Amino acid sequence: MLVGGDKSGGGEKRFYKALIKSADARFDRHLTSLKKEKAMAKSLDQVMKSLPAARKQKIEQRGNELIQEQLTLQALRKELNLTQETMADLLDMNQANVSKVEKRADMLISTLRGYVEAMGGTLELVARLPGRGSVKLEGFRDLNADHK
């Protein structure tokens, strides 16, 4: 709403032309800043492609080490190309129980030991304490050994 000023409309046209020119300039600056922001953001793929081959190899190797350190029972079984049916035969249980064992978040140490040994491995319990480092816990022997 125009309260005062040139009633002939000439000033109003100049006013809007100036506003439009100013708005266009501000919008152009905004678009330029967006382009700069987009140029600054890089995807992981872009960063990896820009690294030397030796550095990429070191990153891949460490990534694989971290993955190997954190496997579920199911992932470990699959990595060893063992099926649940094979594990069921090795553990003398049915396949459904193997599935349940793999999904458990809390289980007996003897159950975990049996599962790991059925895959051909051994289970070690290690405690990491502040100021002490890693300590291998002993005394968790196979309770079934007494009955063999």
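## Loop residues flanking helix H5

Asp-92 is situated in the loop that connects H5 to H6. In this predicted model, the residue adopts a positive phi of about 55 degrees although it is not a glycine. Its relative accessible area is 72%, so Asp-92 is classed as exposed.

A second residue of this kind is found in the loop between helix H4 (73–79) and H5, namely Asn-81. Asn-81 is not a glycine, yet its phi is positive, at about 60 degrees. With a relative accessibility of 71%, Asn-81 is counted as exposed, because the threshold for that class is over 50%.

## Overall architecture

The chain comprises seven helices and two strands. Read from the N terminus, the order of elements is α-α-α-α-α-α-α-β-β. The two strands thus follow the helices in the order of elements.

The chain has 148 residues, of which 11% count as buried. Among contacts with a separation of 6 or more, 31% are made by residues 24 or more positions apart.

## Packing of H5 against H6

Two packed helices are described by the angle between their axes and the distance between the axes. For H5 and helix H6 (residues 95–103), the angle is about 100 degrees and the axes are 8 Å apart. H5 is therefore roughly perpendicular to H6, since the range for that description is 65 to 115 degrees.

On the H5 side, the contact is formed by Gln-84, Glu-85, Met-87, Ala-88 and Leu-91; on the H6 side, by Gln-95, Val-98, Ser-99 and Glu-102. By class, this contact of H5 with H6 contains four nonpolar, three polar and two charged residues.

## Gln-84 in the H5 contact

Gln-84 belongs to helix H5 and is one of the H5 residues that meet H6. Its relative accessibility is 14%; the residue therefore counts as buried, the limit for that class being under 20%.

When neighbours within four places in sequence are set aside, the contacts of Gln-84 are Arg-77, Gln-95, Val-98, Ser-99 and Glu-102. Among these partners, Gln-95, Val-98, Ser-99 and Glu-102 are listed on the H6 side of the contact between H5 and H6.

## Packing of H5 against H7

H5 (residues 84–91) also approaches helix H7 (residues 109–118): their axes come within 10 Å and cross at roughly 115 degrees. The two helices are therefore roughly perpendicular to each other. The crossing of H5 past H7 is right-handed.

The residues that meet are Met-87, Leu-90 and Leu-91 from H5 and Gly-114, Tyr-115 and Ala-118 from H7. The contact of H5 with H7 consists of five nonpolar residues and one polar residue, with no charged residues. Met-87 and Leu-91 are named in this contact and also among the H5 residues that meet H6.

## Thr-111 in H7

Thr-111 is located in helix H7. Its relative accessible area of 23% places Thr-111 in the partly exposed class. The residue lies 20 positions along the chain from Leu-91, and the C-alpha atoms of the two are separated by 9.8 Å.

Apart from neighbours within four places in sequence, Thr-111 is in contact with Val-101 and Arg-104. Of these two partners, Val-101 falls within the residue range of H6, 95–103.

## The C-terminal hairpin

Strand E1 (residues 125–129) pairs with strand E2 (residues 133–137) in the antiparallel sense, over five bridges. Among the bridged pairs, Val-126 is matched with Lys-136 in E2, and Ala-127 has Val-135 as its bridge partner in E2. In a regular strand the side chains alternate between the two faces of the sheet.

E1 and E2 form a hairpin in which three residues lie between the strands. One of the turn residues is Gly-131, with a positive phi of about 75 degrees. A positive phi is also found at Asn-81 and at Asp-92, neither of which is a glycine.

Key:
Residues numbered from 1 in each chain as written. Predicted model: local features only at pLDDT ≥ 70, side-chain atom pairs only at ≥ 80, totals over all residues. Heavy atoms only, no water. Axes fitted to C-alpha atoms, helices over the stretch in contact; angles between N-to-C directions. Helix = DSSP H or I, 4+ residues; strand = E, 2+ residues; numbered from the N terminus. Parallel < 35°, antiparallel > 145°, perpendicular 65-115°, else oblique. Left-handed = near helix turned anticlockwise from the far one by under 90°. Contact = heavy atoms within 4.5 Å. Nonpolar A, V, L, I, M, F, W, Y, C, P; charged D, E, K, R; others polar. Pairing = 2+ DSSP bridges. Buried < 20%, exposed > 50% of the residue type's maximum accessible area, 1.4 Å probe, protein only.
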